[in-house]
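Please describe this structure for someone at the bench. Cover the charged contacts, the sheets and the surface.

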Amino acid sequence: MADSSILTLGTARSLLVDSSVCDSRIAETTKDHVFLGMGCDDEDMLPKVETRVVLVGDAGRNGALVKALQAIRVMEVPVVKIREGEAGAEEKMMIKSIVNMDINTPCIITDNVQEFGDGENTEFETVFVLTNFDSPDYSYLYKRDNRIIGPPVVLHCAAKEEPLHFSCRPLYSTTMLNLSLCFTGFRDKDEMKNLVNLVHHMGGTIRKDFSTKVTHLIAYSTHGEKYRLAVCMGTPILTPAWIHKSWERRDDVSFHAGEEEFRTEYKVPPFQDCILSFLGFSDEEKTNMEERTLKHGGKYLEVGDERCTHMVVEENSVKELPFLPAKKLFAVKQEWFWGSIQMDARAGESMYLYEKNDSPAMKKAVSLLSLTTPNSNRKRRRLRDTLAQLTKETEISPFPPPRKRPSAEHNLSMASLLDISNTPDTCKALAESSKPSKSSTPVLSKQSARWQVSKELYQTESNYVDILSTILQLFKLPLEKEGQVGGPILAQEEMKTIFGCIPDIHEVHTRIKTDLEELLTDWSEDKSVGNVILKYSKELVKAYPPFVNFFEMSKETIVRCEKQKPRFHAFLKINQAKPECGRQTLVELLIRPVQRLPSVALLLNDIKKHTSDDNPDKITLEKAIESLKEVMTHINEDKRKTEGQKQIFDVVYEVDGCPANLLSSHRSLVHRVETIALGDQPCDRGENVTLFLFNDCLEIARKRHKVINTFKSPLGQTRPPPPLKHITLMPLSQIRRVLDLQDTEECLNAFALVVRPPTEQENLLFSFQLTGEETVKSSWLRTLCRHVANTICRADAEDLIQCTDPDSLQVSTKDMDSTLSKASRAIKKTSKKVTRAFSFTKTPKRVIQRAFMANGTPDEKNQRLSCENHNCSSATLAAHHSPSMVNLSSMFERKYHTFSRSTTHLF
């Protein structure tokens, strides 16, 4: 060798500065010492040392142990190499390593360790095998720095055909071999010292500071920096019982403490040392969370108890805490609770602290609603602005409305013309200002009904794609992610069953959305909407049936896994509370593909209705609708519900003039409420109105007035007359906002709907008062908004509800039951009855009008003529909306069905 060096046998433990290096046999370099394996050239310079193994007491009488030891020919021996420094350097460098040496002497059996236990003797490298580490022999050998191992080490090395292991500390077994442990939260030093000794006896190492090399954290509590680091790094956090149970199984050679199945039993529960209270949850949800608290090592008390460490708050229902939390009390969102269960470790509270939810935008909207003016015109303008504010979309549409002509879009004001001077700068500025800006809000022009419904198709398609993306990004991808804290939440088979063909459905609808966006960006009436659907009809047939046909199995798998796997249940709870999910469950989101194709077919039908006969797209739309029906034929045959269809038939028989298109295989009745109309639309104020909520539309019907039975149908009646009269069948997609009217002295239990039909250019307001104690307004409004959101494919259903001051909308329930109000409604009803009684022929109306015209002056004639024209137009409009009378024969309908309120006034 080039340098002068001396090799010595490292028998003393003091030579090994960091014993964990030799325990785990990891090559490591530090600032002062270098650890490396011996090269072949160094083996010739090794000191001549006699290696031997001594079986003490019961170990020598164990035949299996003696036989195993005879199979081991090599043992690990520590060696220290002292290398001289460079010329003029005073310090020397020690290189410590472990080498393999042959066992020269056969095993020695003895009951007296004193004759071999001289640790100072450098001529021998002796290994003592003891069965009991609590015996006097062990104490004698340990004090003299002898190498001590247990029988399991010998059996392990023989089975693995490995050299006899070296350890600077007594090594009984290899139960924790290659494990590096760190401790936190311990206050009893004697207990911790005992645990450290047990870990060393089983081949593990102890590290004072937590780092990436630590494989397990032994924690007495869920507090401290080490605990937080272990949670972030996914290091298993175990109780001290894990060490004790591992020591009990130290003689099992095939057992290792790091086995996941074994260590799972001794994980530190996430709510250990935590006392929880729950605020703002329903009784059912609170009971569920309390049970899971106990299951995961915590306790629970009522809100306000001073012993509580955490108060879990339902942030969507609690607007303000009932008291100011103490310093030691964490007020956290429910996501902290479910996140701790999902991670199987206590989550950090700082990320989930509850904060009071004050929305500046909401305050501004409320302030706008509270403004009123005495002038009637200004009131109507304010009401129109309020409805526009309530229905304002959260996102600007990516395409402008159809253009008329450039000059109408970019008109210059008079002031701008006066300010323009004939300079290059001003001309350039004018040219730039005259260009349309993408970021500016386009000037609304009168939009065709075909464009309106096509836009609605795009908006629902965009919302539907967003929901599919939420399913993939929020649920599927995190569940598939490798290296999840605590291991995989679901098995691969369960993942395939739950999500199925969702990626394929998402891909095809993303392309449909892109094509619709391009079509509407450069819109003209001859653009073909039907071609977009026909283009992807084959992909739809391929993607949908596999998912829809196995949807029930997917739903059952979710329910089963949620019951059997707490981490999956917590995972769903966390995502359900996120805004992207709209507080909907995974099952509610996965049912959207089942509902989507029927919704598209309805919208295509609506587009076709507003498409002229000479437009080529009308035929294309019919083909697209047929292609969708073909897909639905495959997937809907076994999905029809007989009970749901029966309920729809009951509604048809109960409502006079109910449209036939209410009957549909995909439609189901959701809820029925009894109300009183508070405005002039959709019927007169004070009318008893019944609302039938279906999954995609709202049937509005009023209570029928008693009919004067002057004439009876010659066909007779086979059933009692329907108690309700049809007013309108409104798709839920036309509801722009649901208004929860605040209870005041003049307005109780009322709500309103902001409606925008495709043929209307302004919003309409339908206001109602709920009757009957069985209907809870908040529950009814949430149900309504949920199905509106489902129809337009939006996840944020609760955003459709707006709490509003009724005075700003000029809505009142005052005097609805007063005598004057009842008399006024009775007069209206009587007026209608008299109108019907005197309107069975066309002749009386004309005769009366001619009589008045013949006896009047020319000015009066002109005045009456203009009034007649106005009344006739009103009568025509009323007749257009009025349904036919089912109690009269078709002959009587055609001949006598000409109602006009003007007849009553003339009479």
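Arginine 307 is exposed, at 56% relative accessibility; the cut-offs are under 20% relative accessible area for buried, over 50% for exposed and partly exposed in between (1.4 Å probe, protein chains only). Its side chain meets that of aspartate 305 in a salt bridge of 3.1 Å, N to O. Aspartate 305 is partly exposed, with a relative accessible area of 27%. A salt bridge here is a side-chain nitrogen of Lys or Arg within 4 Å of a carboxyl oxygen of Asp or Glu.

This is a predicted model, in which local features need pLDDT of at least 70 and side-chain atom pairs count only at pLDDT 80 or more, while totals for chains, interfaces and linings use all residues. Residues are numbered from 1 along each chain as its sequence is written, and side-chain values use heavy atoms, with hydrogens and water left out.

## Salt bridges

The whole structure holds 28 salt bridges. Three of the pairs are tabulated here.

| Basic residue | Acidic residue | N to O distance |
|---|---|---|
| Arginine 307 | Aspartate 305 | 3.1 Å |
| Arginine 249 | Aspartate 252 | 3.6 Å |
| Lysine 267 | Aspartate 344 | 3.7 Å |

The lysine 267–aspartate 344 pair links distant parts of the chain, 77 residues apart. Lysine 267 sits in the loop between helix 9 (260–263) and strand 13 (275–279). Aspartate 344 lies in the loop between helix 11 (334–343) and helix 12 (360–369). Helices (H or I, at least four residues) and strands (E, at least two) are DSSP runs, numbered from the N terminus. Lysine 267 is partly exposed, with a relative accessible area of 25%. Aspartate 344 is also partly exposed, with 22%.

In the other pair, arginine 249 is partly exposed at 36%. Its partner, aspartate 252, is partly exposed at 31%.

Salt bridges also form a network, which links Asp58, Arg61 and Asp111.

## Two open sheets

One open sheet has four strands in the order 6-3-7-8, with parallel pairing. Strand 6 (108–110) and strand 8 (147–149) are at the edges, each with a single partner strand, so one side of each has no neighbour in the sheet. Neighbouring strands of this sheet are turned by 30 degrees against each other on average, direction ignored. The axes behind such angles are lines fitted to C-alpha atoms, for helices over the stretch in contact, and angles run from 0 to 180 degrees between N-to-C directions. Two strands pair if DSSP finds at least two bridges between them. Strand 3 (residues 50–56) and strand 7 (residues 124–129) run parallel and are joined by six bridges. Arginine 52 has threonine 126 in strand 7 as its bridge partner.

A second open sheet of four strands has the order 14-13-15-16, again with parallel pairing. Its edge strands are strand 14 (299–300) and strand 16 (330–333), and each pairs on one side only. Strands 13 and 14 run parallel, joined by two bridges. Lysine 299 in strand 14 is the bridge partner of isoleucine 275.

## Strand 9 and its partners

Is strand 9 (residues 180–184) mostly covered or mostly open? It is mostly covered: five of its five residues are buried. Ser180, Cys182 and Thr184 point one way, Leu181 and Phe183 the other way.

Strand 9 runs parallel to strand 10 (residues 205–206), with two bridges between them. There, serine 180 has threonine 205 as its bridge partner. Strand 9 also pairs with strand 11 (residues 216–219) in the parallel sense, over four bridges. Phenylalanine 183 stands opposite isoleucine 218 of strand 11.

## Strands 22 and 25

Strand 22 (residues 735–741) and strand 25 run parallel, with four bridges joining them. Valine 738 stands opposite isoleucine 801 in strand 25. Side chains alternate along strand 25 (residues 801–804). Gln802 and Thr804 point to one face and are buried. Ile801 and Cys803 point to the other face and are not buried.
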